[in-house]
Structures are given as C-alpha cells and as structure tokens.
Amino acid sequence: MSCSVVVATSGFRAAQLQALRAALDAQVQPPGGVEILVIEDRDRSGPAAARNAGIAQASGELVAFTDDDCLPDPGWVRALHARWARRPDVGVGGTVVNGLATNPFAAASQVVHDAAHAWANRAAPRFFSSNNAAFPRAALLQIGGFDARLRFSEDRDLCDRWVSRGLALEHEPGAVVHHCHRMRARGFLAQHLGYGTGAWRFRAAQSASGRPRAPIEPAFYDRLARDAVRTSASVAALVAAAQVANAVGFASAALADRGRLPRP
C-alpha cells in the first residue's frame with residue numbers, strides 16, 4: 001500500500017463519518033492504492049494520540065491526515081501522493097477551504113486559518129494543519145509522531161519539529177479539502193479559546209526542547225484584521241471576538257502553567 005489515510009474521530013458522528021467515507025471512497029487512486037484508518041478516541045486522549053495510533057497501524061509509505069468534519073475532493077490523495085513521490089522525504093500540505101459558506105462562524109474561522117497559514121508560510125512552507133497534510137511514515141516515526149500532550153497545537157508542533165530536523169515541507173494546491181465545521185457562538189469561542197491555550201503550550205514545548213520560540217508578531221494581527229474587514233462586518237466582528245478568546249486562552253494557560261513549564 002503506497003498511502004494510508006488516517007482520520008481521528010471522537011463521539012458518535014455517524015452523519016459526518018458517512019459523508020467523509022463517501023468522499024474517501026470517491027478518491028482517484030494513486031499508484032499502489034489507499035487504505036483508510038478511522039481511529040476512535042475512546043478514552044478521550046485527544047486527536048494527537050488517535051493519529052499516532054493510526055500511524056502505528058498504517059501500512060502505507062505515505063500517511064495522509066484529515067478530520068471527520070472534512071470532505072476531500074476526489075483528487076486529494078492522488079495530488080498529495082504525486083507531490084510526495086517527486087521527493088519522498090518531504091511532507092506535503094494541501095489547500096483547506098470553507099465547506100459551509102452560509103455559516104458565519106465557519107467563515108470567520110476560515111479567515112483566521114487562511115491568515116495563519118499565509119503568515120507562517122510567507123518565506124517557505126513551515127506549517128500545514130492536520131486536516132490536510134501528509135508525511136512519509138518512516139520519518140513520522142523517527143520524530144515521534146504527534147505530541148499527545150498538546151491539544152489545539154499538535155500540528156504546529158509536529159511541523160515545527162519536522163522543519164527543525166532539516167526536513168522539508170511543500171504545498172500542493174491541488175490537494176483540496178472542504179472543512180465543514182458546524183458551529184454556533186459557544187463552540188466558536190471555545191475553539192478559539194482552545195487555540196490560545198494551544199499556542200501557549202506550543203511555545204512552552206519549544207522552550208523545553210531548545211527550539212527557537214515562535215515570536216508574537218503584531219504585524220500578523222494587523223494582516224488578520226485587514227483580511228477580516230475585506231469579507232463582511234459580521235465576519236470581521238467574529239474574527240475580533242476569536243482573537244479576544246485566543247488571548248484569554250493564552251493568558252489563562254500561562255498562569256496555570258506558571259512554575260511548571262519553562263516560560264517562553
């Protein structure tokens with residue numbers, strides 16, 4: 001098997017998984033074929049642990065990741081595989097688009113996602129979210145897979161460790177995943193609160209390992225604000241609320257971890 005697709009899921013999400021499975025069954029097969037591994041996070045250890053279980057079970061040379069609220073285009077796996085096949089030591093990230101155009105919370109989250117990816121990858125690819133990325137299995141095992149202690153930042157940490165080892169990342173625009181995260185206000189704010197917590201824990205993990213710490217860059221937030229204003233007033237307001245929640249999560253985690261983790 002040349003490629004394994006790992007999906008982490010938690011809870012009974014039959015409709016989502018059915019839609020995802022249909023999208024995966026419609027994939028154009030790469031040379032060698034594809035296996036699909038859906039890993040249930042039964043003990044609530046988090047998506048990183050579930051993905052690591054998938055990596056351990058995978059038989060493909062390339063392991064691709066997506067989430068249970070995503071719908072990959074039919075050419076998704078083939079595009080990731082083709083990019084990787086040109087250079088088998090490279091990690092590959094695709095393009096994530098909002099699959100819920102009429103949901104303002106999904107639209108606002110997509111603005112944040114796009115701005116974060118554009119900023120992180122402005123000089124060279126350094127970060128791809130775990131709902132649309134693929135890595136050679138052997139290298140994943142060598143670097144220890146995802147850090148299961150981290151939530152909301154395990155993909156940032158994996159990519160950071162990947163690049164710090166001198167391994168390369170490449171973007172494949174043709175590998176498209178539609179993110180269909182249905183949210184209301186409470187879930188939206190909880191998600192971005194979690195992102196703030198994850199950002200602190202990611203910086204702490206960098207400090208603990210001796211890696212250069214991710215800087216807090218005001219220019220990024222200026223760009224994010226400009227991107228949000230270009231959409232609509234309602235989406236811009238939600239993006240602003242998301243950043244407040246992010247800051248609260250970051251500060252709360254910093255206070256909770258004071259004295260227990262290296263200070264970034």
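# A tour around helix α9

Begin by selecting helix α7 (residues 185–209) and helix α9 (residues 233–257), which pack at an angle of about 45° with their axes 7 Å apart. That angle makes α7 oblique to α9, where angles under 35 degrees count as roughly parallel, over 145 as roughly antiparallel, 65 to 115 as roughly perpendicular and the rest as oblique. The axes are lines fitted to C-alpha atoms, for helices over the stretch in contact, and the angles run from 0 to 180 degrees between N-to-C directions. Helices (H or I, at least four residues) and strands (E, at least two) are DSSP runs numbered from the N terminus.

Before going further, note that this is a predicted model, in which local features need pLDDT of at least 70 and side-chain atom pairs count only at pLDDT 80 or more, while totals for chains, interfaces and linings use all residues. Residues are numbered from 1 along each chain as its sequence is written, and side-chain values use heavy atoms, with hydrogens and water left out.

**The face between α7 and α9**

With both helices still selected, show the side chains of F188, L189, H192, L193, Y195, G196, T197, A199, W200, R201 and R203 in α7, which meet L238, A241, A242, A245, N246, V248, G249, F250, A253, A254 and D257 in α9; contact here means heavy atoms within 4.5 Å. By class, this contact of α7 with α9 has 14 nonpolar, five polar and three charged residues, where Ala, Val, Leu, Ile, Met, Phe, Trp, Tyr, Cys and Pro count as nonpolar, Asp, Glu, Lys and Arg as charged, and the others, Gly among them, as polar. The crossing of α7 and α9 is right-handed, a crossing being left-handed if the near helix is turned anticlockwise from the far one by less than a right angle, and right-handed if clockwise.

**Along α9 itself**

Now keep α9 alone and compare its length with expectation: at 1.5 Å a residue its 25 residues should span 36 Å, and its end C-alpha atoms are 36 Å apart, which agrees. The expected span is 1.5 Å times one less than the number of residues. Next colour the buried residues of α9, which are V235, A236, L238, V239, A242, Q243, A245, N246, G249, F250, A253 and D257; buried means under 20% relative accessible area, exposed over 50%, and partly exposed in between (1.4 Å probe, protein chains only). What covers these buried residues includes α4 (104–120), α7 and α8 (218–229).

Also in helix α9 is A241, which counts as partly exposed at 29% relative accessibility. Select A108 together with A241, and the two C-alpha atoms are 9.8 Å apart in space although the residues are 133 apart in sequence.

**On to α8 and α4**

Add α8 to the view, where α8 and α9 pack at an angle of about 150° with their axes 8 Å apart, and are therefore roughly antiparallel to each other. The contact is made by Y221, L224, A228 and V229 of α8 and by A236, V239 and Q243 of α9, and its residues divide into six nonpolar, one polar and no charged.

Then bring in α4, whose axis comes within 10 Å of that of α8 and crosses it at roughly 140°, so that α4 and α8 are oblique to each other. Here V111, V112, A115, A116, A118 and W119 of α4 touch A219, F220, R223, L224, D227 and A228 of α8, and the residues of this contact divide into ten nonpolar, no polar and two charged.

**A strand residue**

Move next to A175 in strand β7 (residues 169–179), which counts as buried at 0% relative accessibility. Leaving aside residues up to four places away in sequence, A175 touches W76, A79, L80, G94, T95 and N132. From A175 to G93 the C-alpha distance is 7.8 Å, across 82 residues of sequence.

**Two loops to finish**

Most residues other than glycine have a negative phi. In the loop between β2 (34–40) and α2 (47–57), select R44, which has a positive phi of about 60° although it is not a glycine, and which counts as exposed at 56% relative accessibility. D43 is found in the loop between β2 and α2 as well, and is exposed with a relative accessible area of 61%; its C-alpha atom is separated by 33 Å from that of L238.

End at F152, in the loop between α5 (137–142) and α6 (154–164). F152 has a positive phi of about 70° although it is not a glycine, and is partly exposed, with a relative accessible area of 43%.
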